[in-house]
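The following exercises are to be worked through with the sequence and the model in view. Each task is followed by a solution in steps.

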Amino acid sequence: MTNALKPILVLGATGKTGARIASRLEARGLLVRRGSRTAALPFDWTQPQTWGPVLDGVSAVYISYSPDIAVPGAVETVTAFVDQARAAGVSRLVLLTGRGEYHAQRAEEMVRAAGLPFTIVRAAWFAQNFSEGALMGPVMAGVMRMPGGAVREPIVDVDDIADVAVAALTEEGHDGQTYEVTGPRLLSFAEMAEVMTQATGRQIAHIPISFEAFHAALSSEHGAMIADLLTAIARETLDGRNAHLADGVQRALGRAPRDFAAFAQDAARAGAWAKAA
């Protein structure tokens with residue numbers, strides 16, 4: 001188990017997974033070092049001089065690369081960080097990767113070869129992209145323009161990802177495991193739109209578009225970097241390769257993953273899309 005007298009470093013601590021993981025660990029009374037550019041002890045992937053101070057004295061690290069492990073140079077950067085973590089005496093790594101992504105697979109291979117106890121959490125598309133991320137705008141506008149046609153995705157609730165990561169960081173039995181985490185059913189984007197329509201009580205329409213149109217829409221709202229990244233991931237993963245369920249949540253936690261409908265209902269009750277009402 002993780003040494004309770006030493007802090008756990010949670011990278012991406014202001015992001016969707018990192019914020020949830022850090023809060024869960026703190027709720028258990030564990031010491032947490034939140035890794036972000038705005039933390040008291042700042043961490044920045046692009047500034048290697050910030051890595052040593054945040055690694056000093058920590059027992060385990062949750063690694064979530066920002067903006068995504070699919071970006072060019074990410075694998076090399078994470079490799080250098082893991083080398084420094086090993087030298088600093090870190091005893092456990094938990095790595096978040098993406099399902100069906102080439103660069104994610106390279107990062108996984110690097111962590112397996114690092115010589116430290118590790119757990120890999122390989123995630124499907126995040127449900128919370130619709131309530132906290134770049135896809136929130138289209139939902140609020142009531143028109144969800146998405147590529148991929150009728151391809152179905154086992155979209156996963158980020159709360160499940162956080163629970164799996166916390167288990168891997170704090171419990172025995174997870175070393176060397178790769179947990180491929182998905183939701184409990186396959187959904188097309190049209191079906192996701194219908195689920196969110198029912199949860200919000202207002203019409204959310206899905207309109208199939210090309211990857212080029214998807215990129216243009218993202219670029220106008222979020223800038224070229226986010227558009228390039230999300231479009232590249234969509235092109236790579238929305239080809240049917242991920243249209244099957246996996247049992248990572250069940251194996252790690254002994255329970256079923258949360259359904260997308262439960263996510264949508266909770267998000268609606270919490271006011272995630274209130275401005276669109």
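**Exercise 1. The protein as a whole**

What percentage of the contacts in the protein with a separation of 6 or more comes from residues 24 or more positions apart? Determine also how the overall dimensions and the burial of the chain may be described.

Solution. The model is predicted.

Step 1. Residues 24 or more positions apart account for 76% of the contacts with a separation of 6 or more.

Step 2. The secondary structure consists of 11 helices and 10 strands. The radius of gyration is 18 Å, close to the 19 Å that the globule rule gives for 277 residues, so the protein is as compact as a globular protein of that length.

Step 3. The C-alpha trace spans about 50 × 35 × 35 Å along its principal axes.

Step 4. Of the 277 residues, 50% are buried. The accessible surface comes to about 11500 Å², and carbon and sulfur atoms contribute 54% of that area.

Step 5. Among the side chains, 25 are positive and 29 are negative, and the centres of these two sets lie 3 Å apart.

**Exercise 2. Pairing of strands**

Establish which strands pair with β3, and in which sense.

Solution.

Step 1. Strand β1, residues 8-11, runs parallel to β3 and is joined to β3 by three bridges. Within this pair, Val10 stands opposite Tyr62.

Step 2. Strand β4 also pairs with β3 in the parallel sense, over four bridges. Here Tyr62 of β3 stands opposite Val94 of β4. Tyr62 therefore has Val10 as a partner in β1 and Val94 as a partner in β4.Step 3. Strand β4, residues 92-98, is in turn joined to β5 by six bridges, and these two strands run parallel. Leu95 stands opposite Ile120 of β5.

**Exercise 3. The two faces of a strand**

Decide for β3 and β5 which residues point to each side, and whether these residues are buried or exposed.

Solution.

Step 1. In β3, Ala60 and Tyr62 lie on one side, while Val61 and Ile63 lie on the other. These four residues are all buried, and both faces of β3 are covered.

Step 2. In β5, residues 118-123, six of the six residues are buried.

Step 3. Phe118, Ile120 and Arg122 point one way from β5, whereas Thr119, Val121 and Ala123 point the other way.

**Exercise 4. Loop residues and their surroundings**

Classify Trp45, Asn242 and Gly73 by relative accessible area, and describe where each residue lies.

Solution.

Step 1. Trp45 lies in the loop between β2, residues 32-35, and α2, residues 51-55. Its relative accessible area is 8%, so Trp45 counts as buried, since buried means under 20%.

Step 2. Beyond four places in sequence, Trp45 touches several residues, including Leu11, Trp51, Ile63, Tyr65 and Phe81. The C-alpha atoms of Trp45 and Val151 are 34 Å apart, and these residues are separated by 106 positions along the chain.

Step 3. Asn242 is found in the loop between α9, residues 224-237, and α10, residues 248-253. A relative accessibility of 4% places Asn242 among the buried residues.

Step 4. Asn242 and Glu153 are 89 residues apart along the chain, yet their C-alpha atoms are separated by 6.5 Å. Glu153 is also one of the contacts of Asn242 beyond four places in sequence; others include Arg99, Gly100, Pro154 and Thr237.

Step 5. Gly73 lies in the loop between β3, residues 60-63, and α3, residues 74-87. With a relative accessible area of 33%, Gly73 is partly exposed.

Step 6. Gly73 and Arg24 are 49 residues apart in sequence, and the distance from C-alpha to C-alpha is 31 Å.

**Exercise 5. A peptide bond and a helix residue**

Which residues does the cis peptide bond join? Describe, in addition, the setting of Glu191 in its helix.

Solution.

Step 1. The cis peptide bond joins Ser66 and Pro67, and omega is about 10 degrees. Pro67 lies in the loop between β3 and α3.

Step 2. Glu191 belongs to helix α7, residues 189-200. Glu191 has a relative accessible area of 31% and is partly exposed.

Step 3. Leaving aside neighbours within four places in sequence, Glu191 is in contact with Arg152 and Leu186. The C-alpha atoms of Glu191 and Pro138 are separated by 15 Å, and 53 residues separate the two along the chain.

Definitions and conventions:
Residues numbered from 1 in each chain as written. Predicted model: local features only at pLDDT ≥ 70, side-chain atom pairs only at ≥ 80, totals over all residues. Heavy atoms only, no water. Rg over C-alpha atoms; globule rule 2.2 N^0.38 Å. Buried < 20%, exposed > 50% of the residue type's maximum accessible area, 1.4 Å probe, protein only. Contact = heavy atoms within 4.5 Å. Areas by Shrake-Rupley, 256 points an atom, 1.4 Å probe, with all protein chains shown as cover. Lys, Arg positive; Asp, Glu negative; His and termini not counted. Charge placed at Lys NZ, Arg CZ, Asp CG, Glu CD. Pairing = 2+ DSSP bridges.
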